[in-house]
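Work through the exercises below with the structure in view. Try each task before reading its solution.

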Amino acid sequence: MIEVTCAILLFENKFLITQRSAEAEHPLSWEFPGGKIKTGESPEDCILREINEELEKEIEILEKLKSIPFDYGFKKIKLIPFLCSTTSIQLKLKEHIQAKWIQLEDISDFDLLDADKKLIQHPVNKAILEKYSGKQMDKTR
Ligand SMILES: Nc1nc2c([nH]c(=O)n2[C@@H]2O[C@H](COP(=O)(O)OP(=O)(O)OP(=O)(O)O)[C@@H](O)[C@H]2O)c(=O)[nH]1
């Protein structure tokens with residue numbers, strides 16, 4: 001089981017999603033930025049390092065969310081999500097081809113990785129995301 005951290009990064013009621021490159025595994029899918037935990041690294045240290053490496057951004061961890069085991073068939077991962085805050089929308093794309101700050105209710109418009117869909121639908125995670133964003137996840141319009 002590969003342990004992967006990801007950041008659900010919040011700025012003024014919007015969340016950051018990033019698009020994987022055409023050459024990456026799961027090409028062009030959208031995800032929450034993050035990456036694999038290195039040997040001896042804590043999940044918290046991993047997410048701070050990954051966001052710095054991938055987006056050149058400093059973030060603050062607000063809450064650790066429920067971890068999600070997911071089997072892609074060719075590999076099993078444990079996705080460890082953190083709800084995080086930041087003080088600006090600025091970022092540098094070092095690995096992803098695109099980033100978007102989106103409203104929670106618009107997330108279903110994007111081709112999110114399957115583990116991430118399960119992550120946001122987990123009742124505990126969903127309630128926390130809705131609380132922080134002040135929005136419902138499911139579109140009513
Ligand atoms: N970063 C990230 N990976 C995810 C997410 N959801 C998800 O299923 N994954 C899976 O976890 C794997 C993490 O790999 P990664 O390529 O992002 O990790 P990394 O930055 O450490 O990459 P590296 O292999 O180049 O060192 C992805 O290939 C994907 O299968 C997510 O929201 N963010």
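**Exercise 1: Two loop residues with an unusual backbone angle**

Task: Locate Glu12 and say whether Glu12 is buried or exposed.

Solution. Glu12 sits in the loop between E1 and strand E2 (14–19). Helices (H or I, at least four residues) and strands (E, at least two) are DSSP runs, numbered from the N terminus. Residues are numbered from 1 along each chain as its sequence is written. The model is predicted, so local features need pLDDT of at least 70 and side-chain atom pairs count only at pLDDT 80 or more, while totals for chains, interfaces and linings use all residues.

Next, count neighbours. A residue is buried if 20 or more other C-beta atoms lie within 10 Å of its own, exposed if 12 or fewer, and partly exposed in between, with C-beta atoms placed from the backbone. Glu12 counts as exposed because it has 7 C-beta neighbours inside 10 Å.

Last, look at the backbone. Most residues other than glycine have a negative phi. Glu12 is not a glycine, yet its phi is positive, about 45 degrees.

Task: Repeat these steps for Leu28.

Solution. Leu28 belongs to the loop between E2 and strand E3 (30–31). Its 13 C-beta neighbours inside 10 Å make Leu28 partly exposed. Leu28 too has a positive phi, about 65 degrees, although it is not a glycine.

**Exercise 2: The overall fold**

Task: State how many helices and strands the protein has, and their order.

Solution. The protein has 3 helices and 8 strands. Read from the N terminus, the elements run β-β-β-β-α-β-β-β-β-α-α.

Task: Compare the radius of gyration of the protein with that of a compact globule.

Solution. The radius of gyration is taken over C-alpha atoms, and the globule rule is 2.2 Å times the number of residues to the power 0.38. For 141 residues the rule gives a value near 14 Å; the protein has 14 Å, so the two agree. Along the principal axes, the C-alpha atoms fill a box of roughly 40 × 35 × 30 Å. Of the 141 residues, 30% count as buried.

**Exercise 3: A buried loop residue**

Task: Find where Leu65 lies and which residues Leu65 is in contact with.

Solution. Leu65 lies in the loop between strand E5 (60–64) and strand E6 (68–71). Leu65 counts as buried because 21 C-beta neighbours are inside 10 Å. Two residues are in contact if their C-beta atoms, placed from the backbone, lie within 7 Å. Setting aside neighbours within four places in sequence, Leu65 is in contact with Pro81, Phe82, Leu83, Asn125 and Ile128.

**Exercise 4: Two helices**

Task: Describe how H2 and helix H3 (residues 123–133) are placed.

Solution. Two packed helices are described by the angle between their axes and the distance between the axes. Axes are lines fitted to C-alpha atoms, for helices over the stretch in contact, and angles run from 0 to 180 degrees between N-to-C directions. The axes of H2 and H3 come within 5 Å and cross at roughly 75 degrees. Angles under 35 degrees count as roughly parallel, over 145 as roughly antiparallel, 65 to 115 as roughly perpendicular and the rest as oblique. H2 and H3 are therefore roughly perpendicular to each other.

Now list the residues that meet: Leu119, Ile120 and Gln121 in H2, and Asn125, Lys126 and Leu129 in H3. By class, this contact has 3 nonpolar, 2 polar and 1 charged residues. Here Ala, Val, Leu, Ile, Met, Phe, Trp, Tyr, Cys and Pro count as nonpolar, Asp, Glu, Lys and Arg as charged, and the others, Gly among them, as polar. Gln121 counts as exposed, with 12 C-beta neighbours inside 10 Å.

**Exercise 5: The shell around the ligand**

Task: Say which elements supply the shell around the ligand, and which residues come nearest.

Solution. A residue is near a molecule or strand if its C-beta atom, placed from the backbone, lies within 6 Å of it. Of the 15 residues around the ligand, Cys6, Glu31, Gly35, Lys36 and Ala115 come nearest. At least two shell residues each come from strand E1 (2–11), strand E4 (34–36), strand E7 (76–85) and helix H2 (114–121). E4 gives the most, with 3 residues. By class, the shell has 8 nonpolar, 3 polar and 4 charged residues.
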